[in-house]
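Colleague: I'm new to this one. Can you walk me through it?
Modeller: Sure, let's put it on screen.

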Amino acid sequence: MNLLTRLNQVTAKTLFHTESLGSYFEPLIQRVKPAWRTHWFRAQVLSLKPLRDDVLQLELAPQKTWPQAKAGQHVLLTLEINGRLMTRPFSISSAPDQRQTLQPKKRVIRLTIKHTADGAFTSALSQHISVGGFVNLSAPQGEFLLSDSVLNLPETPLWLVAAGSGITPFMAMLHQLALSTHRLKPLFANAIQSPAHKPSNPIYVVYFAKAGEHLYVDELTVLAQLLPQLKVKLLVRKNGDNLATALQGCLASSQVLICGPGQFKQDVDHQLDAINHPPQHRQAEYFQAPILPKTDNGEQHIQLTQRGKQTQLTLATNDTLLNGLEQQGISATFGCRIGVCHQCQCVKKSGVVRNLRTGELSQQGEQLIQLCISQAVTPLELEL
Amino acid sequence: MNKNINFDLLANELDDLKRQTLKDVGAIDAAYIRNVIVWQRGLEWGGRALLMLGFIHPLWWVVGVLSLASAKILDNMEIGHNVLHGQYDWMNDPHINSRQFDWDIACDGKSWQRIHNYEHHTYTNVIGKDRDFGYGLLRLSNDFSWRLKNLWQFITYIYLSVLFQWGISYHELAAERVFMGKKKQGRASKVNASELKRRFFSKGGKQLFKDYLVFPLLAGPLFLWVISGNLIANLLRNLWTSTIIFCGHFTSDVHTFSQAECENETQGQWYYRQALGSSNILGGKLFHILTGHLSFQIEHHLFPDLPSSRYQQVAPQVQAIFARHGIAYHTGPFLRQYSQVVKRILRYSLP
């Protein structure tokens, strides 16, 4: 595979001045296969349904080579909107390995997309795709998954805490749990895949939204019938519901998954801290730029290599590398700016950075980092 | 600089025109450039295949040469030049953008981009700053003192046209600095000399390797048909690009500027200099595409990163703005513009 890739690159570079044969032939292939793109998977739009005025549900059939997603993962969805390729991350809200009813050989994934007022992508979405048309997908990505303890220890209670469209990855997880429960009944002996047992963990869904704006209420009712241990609480803050009461009964051993806006994630964390729930039993996925911790107003030296050219820079350590570089007039490729899409990924040759999403410090050596969520801790050598 | 022109108003009007035009840029323009690429691929492969049919009837070979030459012209002009200017970067396409793109000529795309987009487009026709005025080879105005070598500069010009891709490659590297160690004051190179040399040889070598070794060898016994076809296709492309580019900058009306004139230049004055430093060529739609829309050299110099698919549309509006401000808009049919270029080269051969 590596040898073939290398051969492809060398041939393309020498004969056609492109990085791969695919990129040379791409415009030709697109004549026959619309939206065929190197580096991207193709998916056909099966249905397009508004769940609410501001929420769109998209069913897609990805091409066969698309890797299977795990429940809780997201994909990057790329559309050509008025000539521009635009990419955004969306959680998958269907169970892995879901099949199309009419053509069972085709896989289906469901994306639930909330329209945001300032979102150029979401507002153009419904006008630029149509049933039967094609979009591009990345491989599924993300580590927001049901942990092994949930899958293997039937006594671990599972708390799924969502706000607004944060319910989407949980729909995938609940469908997966329901499917495995029912699949396991007749075929228990063949249950080689995880979960290794019939999932019977108590499951609590704590779902905050504005009054009348809860998504998938009917589906959650059906899931509650399939999974008798599932308890769903649909909550509205304005009606007096609060996290303190919602999270009552959450044990220290409970696995808590949180999905919602950044502020919501912080509120849930505070409440869980208050009831002594250990942070290592929590996972969170939130959709907002990371909040920068206030550090001393220090500076760090950066040695930047850009297309063979070296530059020395001094960047403030209390901002992201991406912002810092841009303020110095250096344009780095970027995408989502919240650490999801990896378009701003670059090579850190040496030095330590802090990952603002996880708070973790990197190793000293060479590795790939994302500029939009990294902060300089020591002097750095970067290659753009 | 002409003091009777309201430069601020001129700048506002041209800025407005650019803004209005960019607002409409979208799916049509993306489809346009992809379509040109599809044609380029078709002509290239059609051409390479037809070259080999020369042994059946030489006419096939002739058609093949023309087809391959057209592909190379499209790649160089409408696709390469414009994509490297960043005109299609807004598409966010991983392959059709100024960071990724390289073209089918001896000059490394990155080196060209660095020098051409910066030096030539910022300092158009400023003597001493824009090395593209005469390429350091030709004396094209009285701004340069006469030297003996100018006597035979028409022959130099013919050589330059024939070897244009190598001329560009050498020139954009600022090779006289890299190879001969000549230094010019106040001009710091962002890329070191060894890197520039490496790029010069690596890209040039690849070009020779593919057109004069790989493709001919792939043709086996039809080696000679292919190698000669490639040679002539490259030659035709060189002559075409050189001719078009000379018509864009060296017709009789084109002005030059001194460095002093351009100090503390406002946006309006910059536009004015671009207008007088360039000239257009009249022609049909196909002609414009084959020139990479450099037949709209004035519009290209005013708005270098406006997608080429829009130059035909903005041209009448640019002309109207110039007319209102009393600025000359230099344009004419190809033969008239080209004869002016020839006259200019000959005129300044003599003191």
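Modeller: The accessible surface of chain B comes to about 15,200 Å², and 64% of that belongs to carbon and sulfur atoms. Areas come from the Shrake-Rupley method with a 1.4 Å probe; for residues, only the protein chains shown count as cover.

Colleague: Before we go on, what kind of model is this?
Modeller: It is a predicted model: local features need pLDDT of at least 70, side-chain atom pairs count only at pLDDT 80 or more, and totals for chains, interfaces and linings use all residues. Residues are numbered from 1 along each chain as its sequence is written, chains are lettered from A and ligands numbered from 1 in the order in which they are written, and side-chain values use heavy atoms, with hydrogens and water left out.

Colleague: And how much surface does chain A expose?
Modeller: About 18,700 Å². Carbon and sulfur atoms supply 54% of it.

Colleague: Back to chain B. How many helices and strands are there?
Modeller: Chain B has 14 helices and zero strands. Helices (H or I, at least four residues) and strands (E, at least two) are DSSP runs, numbered from the N terminus.

Colleague: And what does chain A have?
Modeller: Nine helices and 18 strands.

Colleague: What box does chain B fill?
Modeller: Its C-alpha atoms fill roughly 70 × 50 × 40 Å, taken along the principal axes.

Colleague: How does its radius of gyration fit a compact globule?
Modeller: It agrees, because a compact globule of 351 residues would have a radius near 20 Å and chain B has 21 Å. The radius is taken over C-alpha atoms, and the globule rule is 2.2 Å times the number of residues to the power 0.38.

Colleague: What share of each chain is buried?
Modeller: In chain B, 56% of the 351 residues count as buried. In chain A, the figure is 48% of 384 residues. Buried means under 20% relative accessible area, exposed over 50%, partly exposed in between (1.4 Å probe, protein chains only).

Colleague: What about contacts between residues far apart in sequence?
Modeller: Take contacts with a separation of 6 or more. In chain B, residues 24 or more positions apart account for 72% of these. In chain A, 64% of contacts between residues at least 6 apart join residues at least 24 apart. Contact means heavy atoms within 4.5 Å.

Colleague: New topic. How many disulfides are there?
Modeller: Zero, over all chains. A disulfide would be a pair of cysteine sulfur atoms within 2.5 Å.

Colleague: Is Cys259(A) buried or exposed?
Modeller: Cys259(A) counts as buried, because its relative accessibility is 2%. Cys372(A) is buried too, with 6%.

Colleague: Where is Leu148(B)?
Modeller: Leu148(B) is in the loop between helix 4 (109-122) and helix 5 (153-162) of chain B. Leu148(B) is exposed, because its relative accessible area is 52%. Its C-alpha atom is 38 Å from that of Asp75(B), 73 residues away along the chain.

Colleague: What else lies in that loop?
Modeller: Tyr135(B) lies between helix 4 and helix 5 as well. Tyr135(B) has a positive phi of about 55° although it is not a glycine. At 13% relative accessibility, Tyr135(B) counts as buried.

Colleague: And what is the phi of Ala35(A)?
Modeller: Near 65°, a positive value in a residue other than glycine. Ala35(A) sits in the loop between helix 2 (21-32) and strand 1 (41-52) of chain A, and Ala35(A) is buried at 14% relative accessibility.
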